[in-house]
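Reader: I've got a model open and I'd like to learn how to read it. Where do we start?

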Amino acid sequence: MFDAVQETVDRLAMALQRSVVLEDAEWTLLASSAHFDDLDPARLHTLTARRPAPALVAEMRAWRLHAQLVPRVLGVEPQLGMEHERLVITVRSRYEVLGFLWITLTRPLTPSEAFLVLETADTLRALLVSVSQSIAAVNAEVESEMLGLLAPDEPSRRRAADELLDLGMFTRSRHFVALCLSLSAEWSPWDGPPSREVISRALLRAITTPMIDAYSFVPTSPEALILLGFRNEPTREAMENVVAAIIRETDAADVSEPLQGVLGVGSPVGELSLSWESYEQALVAVRVARSRESRSASWTADPVAASIVTLLAAEPPAHLLPEPLRRLADAPPDVLALFEAYVAHGARVADLADRLGVHRATVYYRLARAAESIGVDLESDDARFIIGAWVRQRRVTSAAGGAPGSGDGRA
């Protein structure tokens, strides 16, 4: 199929007697013609690196070429290596951008040449749609087997792992880390690019380290499963770099509303069929991040916080709340704020007094009155534990919106 794409580009270049280049939706070179004395530094970089220089890519994103619906002429930009004007056509299907057709304008196009360019762009669109559909079929199969890794029974998970290996995925990987990417976007009424396209572009730009042998993802809503495969167990620093890159690229996504992605990271596992364990840990890590109003958290790096979420996040029904906890749940906002500050400062009254700008005696008095109002004694270790646990549980459930999935909810 790509032979036909290259042949179509060559024919257009010969007819126009000028350079023609076709790039994909991420500006990676797909096909290029021979030169006609119009080679400039920008084109040379694309031909040698198979991708434009980073500065030019940044400018093209700013020009919003993905959103354009008609051909566009770009002027000379010497600082970007563009010494000639260029005609750029965004090649798109009904659902997505397929690529960009570039033609060097050393002289204006005649009407007949312009018609030929548009006709060729339509031919390339049809060819790229066929390629895209073939890739989409493979992607659908991979995503189906990725979901199979989260099946509730072991035989189904092992079967899905075997199918992924047969598809050529993770064949050299020996360690696997699952990530949970939780996005704020509501995809159902979304009128922008499909969720898969948005996440795919972000991951393509973010995951560039050679340490990662393979990766795949399933754009479920609202969380996406991202699975990374490594030949060697990844270091904490390497994972932090990957996490930072994914967050940076999702923030830079060309969408109408900020995605505000939150990323949870599970621990490494040694078998593809055990990826569900890492993913459930990543789900908990997302809740840890949200409870801290952070953009990311790791099961491995945040064991205490992960333990709190795991053990305390399931909110009991009202009839199982003892009287002190019922009163605490119904306490006035100032009482709740006082207990939350008390817990946040590790029950250290001196630190809390400094924070509030009052004498320690005042803090002791306020805490005693608040504890009396709910029927507990803060001199008791058990009472302090219960209040601390309740405050942390409240913070987690209010930030994350419900209890984390159990082992039976992997599908």
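Author: We'll go from confidence to overall make-up, then to one pair of helices. Keep in mind that this is a predicted model.

Reader: What is the mean pLDDT of the protein?

Author: Start with the average, then look at the spread. Here the mean pLDDT is 83, with 88% of the residues at 70 or more. Then check for weak stretches: over residues 402–411, pLDDT stays under 50. The model still has 19 contacts beyond four places in sequence for residues 402–411.

Reader: Okay, how many helices and strands are there in the protein?

Author: You get 14 helices and 10 strands. For burial, look at the fraction of residues: of the 411 in the protein, 45% are buried. On the outside, the accessible surface is about 20900 Å², and carbon and sulfur atoms account for 53% of that.

Reader: What share of the contacts with a separation of 6 or more comes from residues 24 or more positions apart?

Author: That share is 62% in this protein.

Reader: Now the helix pair. At what angle do α11 and α12 pack?

Author: Read the angle together with the axis distance. Helix α11 covers residues 333–344 and helix α12 covers residues 349–356; their axes are 9 Å apart and the angle is about 125°. An angle between 115 and 145 degrees falls in the oblique class, so α11 and α12 are oblique to each other.

Reader: Is the crossing of α11 and α12 left-handed or right-handed?

Author: Right-handed.

Reader: And which residues in α11 and α12 meet?

Author: From α11 you have L338, A341 and Y342, and they meet V349, L352 and L356 in α12.

How values were computed: Residues numbered from 1 in each chain as written. Predicted model: local features only at pLDDT ≥ 70, side-chain atom pairs only at ≥ 80, totals over all residues. Heavy atoms only, no water. pLDDT = per-residue confidence, 0-100. Contact = heavy atoms within 4.5 Å. Helix = DSSP H or I, 4+ residues; strand = E, 2+ residues; numbered from the N terminus. Buried < 20%, exposed > 50% of the residue type's maximum accessible area, 1.4 Å probe, protein only. Areas by Shrake-Rupley, 256 points an atom, 1.4 Å probe, with all protein chains shown as cover. Axes fitted to C-alpha atoms, helices over the stretch in contact; angles between N-to-C directions. Parallel < 35°, antiparallel > 145°, perpendicular 65-115°, else oblique. Left-handed = near helix turned anticlockwise from the far one by under 90°.
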